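Reader: I'm new to protein structures and a bit lost. Could you walk me through how to read one?

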Amino acid sequence: MFRRVLHSLGGAMRETGVALERAGAGMQGDTVVKDFLSRHRSIMNMYEKRPTLAPTSFVAPSASVVGDVVMGPSSSVWYNAVVRGDQGKVLIGDNSNVQESCVVDALKGEVVIGANVSIGHGSVLQSCTVEDGAVIGIGAKVLKGAVVQNGAVVGAGAVVEADTVVPRNEVWAGAPAAHLRAATDADKGSAARLAEEVSVSAEVHAHECFKSYEEIERDHLEYRLAAERHPDYDSSLGLVGSNRFNPTKAAEHYH
């Protein structure tokens with residue numbers, strides 16, 4: 001209770017500062033210089049509920065992870081995705097990914113996402129369970145109380161109705177979702193590769209997203225220098241076969 005009072009008091013003081021800023025800017029008229037600051041926070045507490053992230057997990061800058069959310073090692077939440085644990089709890093297992101524009105909402109229950117799970121772009125999960133190795137296709141919906149068991153695949157655009165159980169190693173599709181066929185070894189291999197590929201990609205994005213200003217400026221300089229170099233520059237230094245810089249690709253990246 002005391003923390004909530006402090007939170008409310010702090011919010012009131014910050015709003016007072018904003019009001020003073022606006023009043024001062026109005027007095028300065030056309031000569032005012034404004035600095036615009038985004039209020040977006042990719043990782044946000046909700047009172048005493050706070051996300052718990054493994055050191056190797058990745059949350060994209062434009063994503064939102066709010067409240068009681070636990071992310072395991074090498075898990076990832078991608079651009080514009082929203083994971084809400086403000087009313088319930090969300091568990092995301094090792095090496096699992098919540099891809100771009102997904103919505104994962106615990107409501108007043110719990111969302112459990114196992115290990116090596118891929119949640120496709122634009123999917124919606126509400127207070128449900130997705131077990132290890134499962135795949136939720138692009139734009140699919142898994143509604144409250146549903147369970148997608150180990151190795152199951154929910155097809156793109158499918159709607160798994162509330163309290164439905166998708167049995168292990170089955171492929172379901174349609175709206176409402178229904179059994180389509182048994183999952184093949186190819187399906188299982190594809191699911192494992194997808195989870196691993198997204199995990200590796202997340203490492204690259206994390207490295208790029210959180211570079212300092214100095215590192216970004218250094219990269220720009222290196223791209224410019226690489227674009228201007230003669231193709232034989234590296235070989236003249238004894239770096240035969242080096243692919244550190246490709247002038248053509250560097251020039252395309254920079255421009």
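Author: Sure, we'll go through strands, then buried and exposed residues, then salt bridges. Keep in mind that this is a predicted model.

Reader: Okay, strands first. What holds strands together in a sheet?

Author: Strands of a sheet pair through backbone hydrogen bonds, and they can run parallel or antiparallel. Now try strand 4 in this model. Strand 4 pairs with strand 1 in the parallel sense, over 2 bridges. Strand 2 is joined to strand 4 by 2 bridges as well, again parallel.

Reader: Which residue in strand 4 stands opposite Ile43?

Author: That's Val65. For Thr52, the bridge partner in strand 4 is Val70.

Reader: How many bridges are there between strand 4 and strand 6?

Author: There are 7, and the pairing is parallel. You can pick out single pairs here: Gly67 has Gly85 of strand 6 as its bridge partner, and Val69 has Val90.

Reader: And which strand is joined to strand 6 by 3 bridges?

Author: Strand 8, residues 103-105, and the two run parallel. Look for Val83, whose bridge partner in strand 8 is Val104. Strand 6 also pairs with strand 9 (residues 110-113), in the parallel sense over 4 bridges. In that pairing, Ile92 stands opposite Ile113 of strand 9.

Reader: Where do the side chains of a regular strand go?

Author: In a regular strand they alternate between the two faces of the sheet. As for strand 4 here, 6 of its 8 residues are buried, so the rest of the structure largely encloses it.

Reader: What is the order of the strands in the open sheet?

Author: The open sheet has 8 strands in the order 3-5-7-10-13-16-19-20, and the pairing is mixed. Strand 3 (58-59) and strand 20 (178-182) are at the edges with a single partner strand each, so each has one side without a neighbour in the sheet. For a pairing inside that order, take strand 16 (residues 153-154) and strand 19 (residues 170-173), which are parallel over 2 bridges. There, Val154 has Trp172 of strand 19 as its bridge partner.

Reader: Next topic, please! Is Ser199 buried or exposed?

Author: The trick is to compare the relative accessible area with a cut-off: under 20% is buried, over 50% is exposed. Ser199 has 7% relative accessibility, so it counts as buried. You'll find Ser199 in helix 2, residues 185-209. Leaving out residues up to four places away in sequence, Ser199 touches Ser74 and Asn95.

Reader: And Met13, is that one buried or exposed?

Author: Met13 comes out at 58%, so it's exposed. Met13 sits in helix 1, which covers residues 2-28. Together with Phe2, Leu6 and Leu9, Met13 makes a nonpolar surface patch of about 470 Å².

Reader: Now the charged ones. How many salt bridges does the whole structure have?

Author: A search of the whole structure finds 6. To spot one, look for a side-chain nitrogen of Lys or Arg within 4 Å of a carboxyl oxygen of Asp or Glu. Arg4 and Glu48 are one such pair, with their closest N and O atoms 3.5 Å apart. This pair links distant parts of the chain: Arg4 is in helix 1, while Glu48 is in the loop between strand 1 (43-44) and strand 2 (52-53), 44 residues apart.

Reader: What are the relative accessible areas of Arg4 and Glu48?

Author: Arg4 has 38%, so it's partly exposed. Glu48 has 46%, so it counts as partly exposed too.

Reader: Which residue forms a salt bridge with Arg84?

Author: Asp86 does, and the closest N and O atoms are 2.8 Å apart. Arg84 is partly exposed, at 30% relative accessibility. Salt bridges with shared partners also join Arg84, Asp86 and Asp105 into one network.

Reader: Can you show me another salt bridge?

Author: Try Arg181 and Asp187, whose side chains meet at 2.7 Å, N to O. Arg181 has 36% relative accessibility, so it counts as partly exposed.

Definitions and conventions: Residues numbered from 1 in each chain as written. Predicted model: local features only at pLDDT ≥ 70, side-chain atom pairs only at ≥ 80, totals over all residues. Heavy atoms only, no water. Buried < 20%, exposed > 50% of the residue type's maximum accessible area, 1.4 Å probe, protein only. Contact = heavy atoms within 4.5 Å. Patch = residues over 30% accessible without salt bridge, like charges linked within 9 Å, V, L, I, M, F, W, Y side chains within 5 Å. Areas by Shrake-Rupley, 256 points an atom, 1.4 Å probe, with all protein chains shown as cover. Pairing = 2+ DSSP bridges.
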